[in-house]
Amino acid sequence: MITDNMPIRKRVSLFLYSVRVHKGSKSDKFLASFHKLGPHLALLLGFLIFLPCQAEEKEWVLQSASRELNLDIRSNARAGLEFRVSTISGTVIDWSPLGLVLSSQDSDLNEHIYDFSQDLSYIGSQVKEVCDEYRLKIGKRLENKACANQLTLNFRLHRGPQLSVQFRTYEDGLAFRYVIESDTSFVDSLFFRLVSEQTGFNMSHATKLFPQPYDHADSWRPSYEAPANSAGDVVGKSTPAQLGAGWAMPLLFEVGGDWVLIHESGLVGQSYGSHIGAEVRNNVYRVSGPLPDEALGHGGTDAHFALPWSSPWRVLIIGGLSKIVQSNLVQTLAAPAQFDSEWVQTGRASWSWLSDHDSSQDPAKLREFIDLAAEMGWEYSLIDANWNRFPEEDLAQLISHAAQRGVGLFLWYNSGGKNNAVTEAPRNLMADHTLRRAEFERISKLGIRGIKVDFWHSDKQFMIQRYVELLADAAEFKLLVNFHGSTIPRGWERTFPNLMTMEAVRGHEFYTFPSEPNYGELAPSQNALVPFARNVVGPMDSTPVIFAPKLISRLTTMGHEAALGVVYESGIQHFSDEANAYRNLPKDWKSYLGSLPTAWDETRYLAGYPGEFVALARRKGERWWVGVINGSAEPRELVLDLSFISEASTALGDKEGKPVAHQVEPNTSKAAIQLAPFGGVAIYPASSQ
């Protein structure tokens, strides 16, 4: 038996003996021996041990630096390539399939199929430590450093290209991707097609799934706006998503004492956007591609590429809820920034459309919201759809008026193109490269600061490429970008720092849609779910913080709405209520909205459970803001440790249905937070008033 106090030489000898004895087995005794080696010996052995087993089976082990996360990989003739994930609490993902099926066509138009899910010939591996240090412009944590242990396994088919699978284990999760290097020795094809991806996640040990359906494709979808099940489904008994098209990423599972969030990152046009397919067998949730009817049927559902090629990273954030909420793993796995971003400025924005859908065609109404932004100290105001219907000179006057008031303007655009049939305008400018760049040059010279591009309706490869190309073009003309009716974030805010926010959520605009009468009932619990799922993976433009009555009845209190300004992370936070709803607020409440940051140096999870309640603290510089919301109809009392707040603060909340404010003393280790039904509390530094 290996013990911690044994001499290193004896530990190595016993470990190697264990390798020989348990060669080819799945014995827990072997894993226990591996864990006893200690971190320094694990480093000495290259972060993993390759176990040569019987001819048809090979196994590898890769751990995180702390050894709290363990990844097992095996290759055999029966099942192909598989992986399993465990923590100190036990198995969180059981043996799950890996692999790709590719095709190519040679000069004689003969099709070649390469099935990398079986009959793989192992040809070698490499191991190393990977560290990445970077700074974001937006997000839950701006300064980031992440280190991982990386294992690359190389395989070849009898006749075909070499496939490498890269695995990384971090302290807050793991990731893997498929890589195919350029190799002209085996085929004269210039382009390849991704026929299917075999990747799946065996969630047999999970107890709950918190799903959001992947939309059916129609003239308005997919847009990642389907209602989420905030109560969770019992894994193994859940039926396919309500809309029958599968589940949207990110997908959140509860597994014993751990949580698993499944997502993807590093998608920059080399593939399509993925979701989880509706068909689940033996609790294996499989990666799936876009639906044929997306983008009104235009474009294929496959990915086409030349070599070399790498798939997006499959990302698994794993651990307690604090690790899930605080993780920046999606951003870490994205490509580094493509340009200097000193000019990028986050901020708050007024927005007239939610309270008056026709206001963006009326310069006088737009001027009122520009004035509101100036009064509140907000940096921006958004001019929404159909602004091109008023004369060009009126736009010039609005831009001049905003500049005099110190407010930057965003302009709305339709992403279509053939991908949608929505008539809102301007349209047919963003889909064409030449027209898009000409428009960006024009509005940049006018002084416009950013654009909102809406109605994307597809995750097909040609649409993913349009996202990426648009971000690059906008950056060249120093324009900030907001995507609406869009796909989900996949780390693009790191690669393209001018990306401020993305919708991809059932946001507050649904309070104004007569076709959605149950939105008000669903909103409180959804608000308490998305901080654990959708908003974990990137900025979220839910357009929150509304106080005035809406067409659809709102159950959330004023305290709840105010707290969403902290609970929700977005590089541009659009305050979407009517102007007087903000002008008539009590002084403390106006001070809060005028001081609220939109990019954070640190985020701390304080308490919560998906769909029920959440308490988050976010730091900007030396000062802290706290947001607490209750997603249920029952009152709730929380006792939070706020001892990290070293200055006096003001708490905004509810009392007998009315907004109240009171002081919070610094260094309070046991702060009692009283939450009304569907209520909330926002805490902000008193010095910012």
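This short presentation describes the predicted model of a single chain, from its overall make-up to its sheets, two selected residues and its empty spaces.

Good morning, colleagues. Because the model is predicted, local features need a pLDDT of at least 70 and side-chain atom pairs count only at pLDDT 80 or more, while totals for chains, interfaces and linings use all residues. Residues are numbered from 1 along each chain as its sequence is written, and side-chain values use heavy atoms, with hydrogens and water left out.

Let me begin with the chain as a whole. It has 14 helices and 37 strands; these are DSSP runs numbered from the N terminus, with at least four residues of H or I for a helix and at least two of E for a strand. Of its 689 residues, 62% count as buried. Buried stands for under 20% relative accessible area, exposed for over 50%, and partly exposed for what lies in between, using a 1.4 Å probe and protein chains only. Among contacts with a separation of 6 or more, 70% are accounted for by residues 24 or more positions apart. A contact here requires heavy atoms within 4.5 Å.

I turn now to the sheets. Two strands pair if DSSP finds at least two bridges between them. One open sheet has 4 strands in the order β7-β6-β12-β20, and the pairing is antiparallel. At its edges are β7 (111-115) and β20 (303-305), each of which pairs on one side only. Neighbouring strands in this sheet are turned by 25° against each other on average, direction ignored. The angles are taken between N-to-C directions, from 0 to 180 degrees, with axes fitted as lines to C-alpha atoms, for helices over the stretch in contact. Strand β6 (residues 100-105) is joined to β7 by 5 bridges, and Gln105 stands opposite Glu111 in β7.

A further open sheet is formed by 6 strands, ordered β30-β31-β32-β37-β34-β35, again with antiparallel pairing. Here the edge strands are β30 (602-609) and β35 (658-664), each pairing on one side only. From one strand to the next, the twist averages 15°. Between β30 and strand β31 (residues 613-620), which run antiparallel, there are 7 bridges. Glu602 faces this partner strand, standing opposite Arg619 in β31.

Next, consider strand β9 (residues 143-156). Why is β9 described as largely enclosed by the rest of the structure? The reason is that 10 of its 14 residues are buried. Strand β8 (residues 121-135) pairs with β9 in the antiparallel sense over 14 bridges, and Cys131 stands opposite Cys147 in β9. With strand β10 (residues 162-170), β9 shares 8 bridges, also antiparallel. Leu153 stands opposite Val165 in β10. Together, β9 and β10 form a hairpin with 5 residues between them.

Two individual residues deserve a moment. Is Asn202, located in strand β13 (residues 200-202), buried or exposed? Asn202 is buried, because its relative accessible area is 12%. Beyond residues up to four places away in sequence, Asn202 touches Val92, Ile93, Asp94, Trp95, Ser96, Asn282, Asn283 and Val284. Thr91, in strand β5 (residues 90-97), counts as partly exposed, because its relative accessibility is 27%. Leaving aside neighbours within four places in sequence, Thr91 is in contact with Arg84, Val85, Ser86, His205 and Val255. The C-alpha atoms of Thr91 and Ser204 are separated by 9.4 Å, although these residues are 113 residues apart along the chain.

Finally, I come to the empty spaces. On a 1 Å grid over the protein atoms alone, a cavity is a set of points where a 1.4 Å probe fits but cannot get out, while a pocket is an open set with protein on both sides within 12 Å along at least five of seven lines; lining residues have an atom within 4 Å of a point. Grid points are joined across faces, edges and corners, and the volume is the space filled by probe spheres set on the points.

The largest pocket holds about 700 Å³ of space. It is lined by 33 residues, and Trp220, Glu225, Phe455, Glu509 and Phe513 are the closest to its centre. By class, its lining comprises 11 nonpolar, 9 polar and 13 charged residues. Nonpolar covers Ala, Val, Leu, Ile, Met, Phe, Trp, Tyr, Cys and Pro; charged covers Asp, Glu, Lys and Arg; the others, Gly among them, are polar.

Across the whole structure, 5 cavities of 30 Å³ or more are found. The largest cavity has a volume of about 120 Å³. Its lining divides into 12 nonpolar, 1 polar and 1 charged residue.
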